[in-house]
Each structure stands twice: as structure tokens, then as C-alpha cells.
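Please look over the following protein chain before reading on. The text below it goes from the overall fold to single residues.

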Amino acid sequence: MMETILLFGQLFVTFFIIGVFTFGGGYAMLSLIQTQVVVAHHWLSESTFTNIVAISQMTPGPIGVNCATYTGYEVLTSAGASHAVAILGSATATFALILPSFFIVLTMVKFYEKFMGNRLFEGVMGWLRPAVVGLIGAAAVILMVDTSWTGLIPHFAIVEENFMDWKSWALFAAAMVASLGFKVNPIYIIVAGGIAGLLLY
């Protein structure tokens, strides 16, 4: 019982901190969530987190919030909690994630007009834009590549759990070509990928 309560506290603190330091929406949030739940706390495996991201992408709502909801449930389930307690884990992670944004946006709404045109404010926003692009790019790389450091030299290796065989790589390539080359609606790509995965695996 005490371990479960402690886990709830860790979930709340972890996702609250992620909510405080995330700029740029859900995709920018993914690298921070992965760092905390996979690398720092070892709550989930790399492949489980990738599955959560895929489900979060397909379900309605912001991907970052969906990811927090599924992660909270999965963490409690992995710890041996019941279905009802795991749902509370989902609610805890989700609430902790959106709470900072609620207060930050509330504050910004109050002071936004006051800071409009302020050189310092515009400068901060200018620096945040490329940082957000970097975080979104990092999220994509994290799902594909396991990065470890030996001194100052990074070592890159494909995460085999996420790209297990040639069929996985073929689906990846087909989705990329359809999206970038033919501008196919992402919804169609997701549905086609699910059907192809069902047939192939």
C-alpha cells in the first residue's frame, strides 16, 4: 500500500515537472516523458513507450496528454495495481501534466497585452521557437535510436524492439513516402498501418 502511494507521488511530481518545462505542445513533450519514464525511473521499456505513443497518436486529444494518461495507467498496472487504482494513476499523471499549463496560461492571459511589443519578451519567444523544433526532432529520434555516451562521443544504435524486422522497416518507409511524397492524410496512413500490421503480424 505504501509503495503504491509513493508511486502516485512520484507520478504526480514527474508529470508536474514535465508540464512546467514543456514548450511547443505534445510532440515536444514526448522526449521529456521518455527521459523520465524510461531512462530515469525505468517504469516502462522502450518498446512499451513506443506503443503508448502510437496509441496516443491514434486516439482523440493532444498526444502529450494522451501519453500521460496511458503512461499513468501502465505504470500502476506494471506495479501490480488493480484496474481501478491504475485508472487513478491515469488521472494523477494527466492532472499533474495539465496543472502547470493551466496556471501559466492563466497568468499569460492576464499579462500578455502588457508585454506585447516588449523587446525582452519577443527575444525569449524568438529563442524558444528553435528549441521547440529541436525537442520535436528529438522525440522522433528517441523512438528510433538508442543513444548512449562514452565520454564526449555518442553511440547510436537502432532500437530493435521498435524496428524488429524488414516488415517494420517497410511499413515505416511506406508511411514516410505516403506522407512526404504524396501528402496522404495522416488518418489514412494510421488506419492503413494498423491494418497492415494486423495482416503481417
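What follows describes the elements, one helix pair, the nonpolar core, and several individual residues.

The model is predicted. The protein contains 8 helices and 2 strands. Read from the N terminus, the order of its elements is α-α-α-α-α-α-β-β-α-α. Of the 201 residues in the protein, 29% are buried. Among contacts with a separation of 6 or more, 54% join residues that are 24 or more positions apart.

A helix pair is a convenient place to begin. Helix α1 covers residues 2–21 and helix α4 covers residues 63–78; their axes come within 11 Å and cross at roughly 160 degrees. An angle over 145 degrees counts as roughly antiparallel, and α1 and α4 are therefore roughly antiparallel to each other. The crossing in which α1 passes α4 is right-handed. On the α1 side, the contact is made by Thr4, Leu7, Phe8, Leu11 and Phe15, while α4 contributes Ala68, Thr71, Gly72, Val75 and Leu76. By class, the residues of this contact comprise 7 nonpolar and 3 polar, with no charged residue.

Two residues of that contact, Phe15 of α1 and Leu76 of α4, return in the description of the core. The largest nonpolar core has 25 residues, and those that touch the most other members are Phe15, Ile33, Val37, Trp43, Phe49, Cys67 and Leu76. Which elements give two or more residues to this core? They are α1, α2, α3, α4 and α5, the last of these spanning residues 83–115.

Leu30 gives a view from helix α2, where this residue is found. Is Leu30 buried or exposed? Its relative accessibility is 5%, so Leu30 counts as buried, the cut-off for buried being under 20%. Leaving aside neighbours within four places in sequence, Leu30 is in contact with Phe49, Val53, Ile63, Cys67 and Ala139. Of these partners, Phe49 and Cys67 are also among the core residues that touch the most other members. Leu30 and Ala138 are 108 residues apart along the chain, yet 8.6 Å separates their C-alpha atoms.

Thr92 offers a second view, this time from helix α5. With a relative accessibility of 17%, Thr92 falls under the 20% cut-off and therefore counts as buried. When residues up to four places away in sequence are not counted, Thr92 touches Phe8 and Phe12. Phe8 also takes part in the contact of α1 with α4.

The remaining points concern backbone angles in two loops. His42 has a phi near 55 degrees, which is a positive value in a residue other than glycine. His42 sits in the loop that lies between α2, residues 26–40, and α3, residues 46–58. How exposed is His42, and what is its relative accessible area? The relative accessible area of His42 is 61%, so the residue is exposed, since exposed means over 50%.

Lys183 likewise has a positive phi near 55 degrees and is a residue other than glycine. The loop that holds Lys183 lies between α7, residues 166–181, and α8, residues 186–200. Lys183 has a relative accessible area of 64% and is therefore exposed.

How values were computed: Residues are numbered from 1 along each chain as its sequence is written. This is a predicted model: local features need pLDDT of at least 70, side-chain atom pairs count only at pLDDT 80 or more; totals for chains, interfaces and linings use all residues. Side-chain values use heavy atoms; hydrogens and water are left out. Axes are lines fitted to C-alpha atoms, for helices over the stretch in contact, and angles run from 0 to 180 degrees between N-to-C directions. Helices (H or I, at least four residues) and strands (E, at least two) are DSSP runs, numbered from the N terminus. Angles under 35 degrees count as roughly parallel, over 145 as roughly antiparallel, 65 to 115 as roughly perpendicular and the rest as oblique. A crossing is left-handed if the near helix is turned anticlockwise from the far one by less than a right angle, and right-handed if clockwise. Contact means heavy atoms within 4.5 Å. Ala, Val, Leu, Ile, Met, Phe, Trp, Tyr, Cys and Pro count as nonpolar, Asp, Glu, Lys and Arg as charged, and the others, Gly among them, as polar. Buried means under 20% relative accessible area, exposed over 50%, partly exposed in between (1.4 Å probe, protein chains only). A nonpolar core is a set of buried Ala, Val, Leu, Ile, Met, Phe, Trp, Tyr and Cys residues joined through side-chain atoms within 4.5 Å.
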